[in-house]
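Welcome! Take a moment to turn the model around on your screen, and then let us walk through it together.

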Amino acid sequence: MSSNRTDDEWRAILSPQQFAVLRQKATEPPGSGEYTNKHDAGVYACGACATPLYRSSTKFDAHCGWPAFYEALPGAVRRIEDHSLGMSRTEIVCAKCGSHLGHVFHGEGFRTPTDERHCVNSISLKFSSDP
């Protein structure tokens, strides 16, 4: 399901940088995001609609320049084949509002339960600490 908001409605609630990444599929520069090196316990939610997406317990250091998770919360993320930039990748978007989060990569050899790396733009996320 995607949101019924118009671009103008999204622009009214998101910063220009958030709008570029979440709604226009831009990418923040590597190492620039506020959550890349965050290790606190909590939940990462969609920066557009606040739907919970990832538990901090699934976050790991991939040294890729963006927050990396090995697994999303059940049903929180939708995968879309992405053939832009002359390559085949899998885009990940918020299942509720359709906002762009980043891409998921398989089989890179990380020692995680899923052998996946959800490479997510920090600006696509909002973190809430566990109580």
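## A guided tour of two sheets, a core and some salt bridges

A good place to begin is V43, which stands opposite S128 in β9. Please keep in mind that this is a predicted model.

The strands β1 and β9 pair in the antiparallel sense, with five bridges between them. They belong to an open sheet of three strands, ordered β2-β1-β9, and the pairing is antiparallel. At the edges are β2 and β9, each of which pairs on one side only. From one strand to the next, the twist averages 30°. As general background, strands of a sheet pair through backbone hydrogen bonds, in either a parallel or an antiparallel way.

There is also an open sheet of six strands. Its order is β3-β4-β8-β7-β6-β5, again with antiparallel pairing. Here the edge strands are β3 (59-60) and β5 (77-82), and each pairs on one side only. Within this sheet, β4 (residues 68-69) and β8 (residues 116-120) are joined in the antiparallel sense over two bridges. Across that pairing, F69 stands opposite H118 in β8.

H118 deserves a closer look. Is this residue of strand β8 buried or exposed? With a relative accessibility of 2%, H118 counts as buried, because the cut-off for that label is under 20%. Its side chain makes a polar contact with the side chain of Y54, at 2.9 Å. Leaving aside neighbours within four places in sequence, H118 is in contact with several residues, including P67, A68, R79, I92 and H103.

Y54 leads us on to the nonpolar core. Which residues touch the most other members of the largest nonpolar core? They are L53 and Y54, in a core of 21 residues. The elements giving two or more residues to this core are α2 (16-23), β1 (42-46), β2 (52-55), β6 (89-94), β7 (100-106) and β9 (125-129). Once neighbours within four places in sequence are set aside, the contacts of L53 include Y44, A45, C46, L73, V77, C94, L101 and L125. In soluble globular proteins, nonpolar side chains tend to be buried together.

Now for the charged side chains. How many salt bridges are there? The count comes to seven, and three of them are set out here.

| Salt bridge | N to O distance |
|---|---|
| D8 and R11 | 3.8 Å |
| E91 and K25 | 3.2 Å |
| K38 and D40 | 3.1 Å |

Let us take these pairs in turn. D8 and R11 are three residues apart in helix α1 (residues 7-13), so about one helical turn separates them. D8 is exposed, with a relative accessible area of 58%, whereas R11 is partly exposed at 44%.

The side chains of E91 and K25 also meet in a salt bridge. E91 lies in strand β6 and K25 in the loop between α2 and β1, so this pair ties together parts that are 66 residues apart in sequence. E91 is buried, with a relative accessible area of 3%.

In the pair of K38 and D40, K38 is partly exposed, with a relative accessible area of 22%. D40 counts as partly exposed too, at 39% relative accessibility.

Conventions. Residues are numbered from 1 along each chain as its sequence is written. This is a predicted model: local features need pLDDT of at least 70, side-chain atom pairs count only at pLDDT 80 or more; totals for chains, interfaces and linings use all residues. Side-chain values use heavy atoms; hydrogens and water are left out. A nonpolar core is a set of buried Ala, Val, Leu, Ile, Met, Phe, Trp, Tyr and Cys residues joined through side-chain atoms within 4.5 Å. Buried means under 20% relative accessible area, exposed over 50%, partly exposed in between (1.4 Å probe, protein chains only). Helices (H or I, at least four residues) and strands (E, at least two) are DSSP runs, numbered from the N terminus. Contact means heavy atoms within 4.5 Å. Two strands pair if DSSP finds at least two bridges between them. A salt bridge is a side-chain nitrogen of Lys or Arg within 4 Å of a carboxyl oxygen of Asp or Glu. A polar contact is a pair of N or O atoms within 3.5 Å; within protein, one must be able to donate a hydrogen and the other to accept it, and residues adjacent in sequence count only if both atoms are side-chain atoms. Axes are lines fitted to C-alpha atoms, for helices over the stretch in contact, and angles run from 0 to 180 degrees between N-to-C directions.
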